[in-house]
Amino acid sequence: MRVVLAEDSVLLRAGLTKLLTDGGFEVVAAVSDAEALLTAVAEQKPDVVVVDVRMPPTHTDEGIRAALVLRRMYPDMALCVLSQYVEERYARDLMSVGTTKIGYLLKDRVAQVSDFLDALRRVATGGTALDPEVVDQLLVRQGDDPLERLTPREQEVLRLMAEGRSNNGITETLKVSHSAVEKYVTNIFVKLDLPPTDTDHRRVLAVLRYLRV
């Protein structure tokens, strides 16, 4: 998979480039600012973009703003945002323009190399990868919330779905049978009033209700 990387720290950019290359990705461009990112993506048409939230010149939100531009220009391109800490508004903005091929990970997670590479591959192949801390902060509870109908285990399964886990991934994480996970997921759909249809993706709708996007 071809990757464009945007990170202003020289050391981290070099480290990520090596990490991705060793992990089987082809880094076709590694840039240090948002303007260069937009140019590189237009030229290279990568499969996935990895971008830092805060970039020059102000080191506030240049990276995430560039990511939102790319999301709208290239909706089929996978996008993974890296952040030093959870910035809820930016995460919500990113999720509001689509819930597939999207990742929002904390930089600390990059230190767990296998987890980071697995998350990036999941995003690149059409999935979602949200850091658990991001999921925690995006969750908003209200009175008469259908989410309150869920059992603690069902809430745990939905949380893992929001992190981008497949049923197999949930099975491995919770150490339960595949049939048990299927039952939890079915119960979640029923309790969130999400009947099967030919036009809607119930898994995505359940995650959206969980995140309140």
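Reader: How many of the five residues of strand S3 (residues 48-52) are buried?

Author: Happy to start there, with the reminder that this is a predicted model. Val-48, Val-50 and Asp-52 point one way from S3, while Val-49 and Val-51 point the other way, and all are buried. The strand is therefore largely enclosed by the rest of the structure, and the count of buried residues is five of the five.

Reader: Which residue of S4 stands opposite Val-50?

Author: S3 runs parallel to strand S4 (residues 78-83), and five bridges join the two. Within that pairing, the residue of S4 opposite Val-50 is Cys-80.

Reader: And which residue in S3 is the bridge partner of Ala-6?

Author: Here we turn to S1, which pairs with S3 in the parallel sense over four bridges. Val-51 is one of the S3 residues that are buried. The bridge partner of Ala-6 is this residue, Val-51.

Reader: Which strands stand at the edges of the sheet?

Author: The sheet is open and has six strands with parallel pairing, in the order S2-S1-S3-S4-S5-S6. A strand with a single partner has one side left without a neighbour in the sheet, so the edges are held by S2 (26-31) and S6 (128-130).

Reader: By how many degrees are neighbouring strands of this sheet turned against each other on average?

Author: The order to keep in mind is S2-S1-S3-S4-S5-S6. Ignoring direction, the average turn between neighbouring strands of this sheet is 20 degrees.

Reader: What stands opposite Arg-2 in S2?

Author: Strand S1 (residues 2-6) and S2 run parallel and are joined by five bridges. S2 has a single partner strand. Opposite Arg-2, S2 places Glu-26.

Reader: Lys-107 caught my eye; is it buried or exposed?

Author: A good one to ask about, as Lys-107 is found in helix H5 (residues 107-110). Leaving aside neighbours within four places in sequence, Lys-107 is in contact with Glu-7, Leu-12, Asp-52, Leu-82, Ser-83 and Gln-84. The side chain of Lys-107 also makes a polar contact of 3.2 Å with the side chain of Glu-7. Buried means under 20% relative accessible area, and Lys-107 has 17%, so the word for Lys-107 is buried.

Reader: What is the relative accessible area of Asp-131?

Author: Asp-131 is found in the loop between S6 and helix H7 (132-138). Beyond its neighbours within four places in sequence, Asp-131 is in contact with Tyr-104, Leu-105, Leu-106 and Arg-109. Asp-131 is buried, with a relative accessible area of 1%.

Reader: Which element gives the largest share of the lining of the largest pocket?

Author: The largest pocket has a volume of about 650 Å³. Its lining has 29 residues, and nearest its centre lie Arg-122, Thr-128, Glu-163, Gly-164 and Arg-165. Two or more lining residues come from each of helix H6 (113-124), S6, helix H8 (152-162), helix H9 (167-174) and helix H11 (202-211). The largest share, four residues, comes from H6.

Reader: What covers the buried residues of H9?

Author: In H9, the buried residues are Asn-167, Gly-169, Ile-170, Thr-171 and Leu-174. Their cover includes H8, helix H10 (178-191) and H11.

Reader: Just after H9, which residue takes a positive phi?

Author: This residue is found in the loop between H9 and H10. Its relative accessible area is 73%, so it is exposed. Its phi is near 60 degrees, a positive value in a residue other than glycine, and its name is Lys-175.

Reader: How is Asp-193 placed: buried, partly exposed or exposed?

Author: Asp-193 is found in the loop between H10 and H11, and its phi is near 60 degrees, a positive value. With a relative accessible area of 44%, Asp-193 is partly exposed.

Reader: Which backbone nitrogen lies 3.1 Å from a polar atom of the side chain of Ser-177?

Author: Ser-177 is found in the loop between H9 and H10, where it is partly exposed at 39% relative accessible area. The C-alpha atoms of Ser-177 and Arg-202 are separated by 22 Å. The backbone nitrogen that lies 3.1 Å from the side chain of Ser-177 belongs to Ala-180.

Reader: Which residues does the cis peptide bond join?

Author: One of them, Pro-57, lies in the loop between S3 and helix H3 (62-73). Omega is about 10 degrees for this bond, and the two residues are Pro-56 and Pro-57.

How values were computed
Residues are numbered from 1 along each chain as its sequence is written. This is a predicted model: local features need pLDDT of at least 70, side-chain atom pairs count only at pLDDT 80 or more; totals for chains, interfaces and linings use all residues. Side-chain values use heavy atoms; hydrogens and water are left out. Buried means under 20% relative accessible area, exposed over 50%, partly exposed in between (1.4 Å probe, protein chains only). A polar contact is a pair of N or O atoms within 3.5 Å; within protein, one must be able to donate a hydrogen and the other to accept it, and residues adjacent in sequence count only if both atoms are side-chain atoms. Contact means heavy atoms within 4.5 Å. Two strands pair if DSSP finds at least two bridges between them. Axes are lines fitted to C-alpha atoms, for helices over the stretch in contact, and angles run from 0 to 180 degrees between N-to-C directions. On a 1 Å grid over the protein atoms alone, a cavity is a set of points where a 1.4 Å probe fits but cannot get out, and a pocket is an open set with protein on both sides within 12 Å along at least five of seven lines; lining residues have an atom within 4 Å of a point. Grid points are joined across faces, edges and corners, and a volume is the space filled by probe spheres set on the points.
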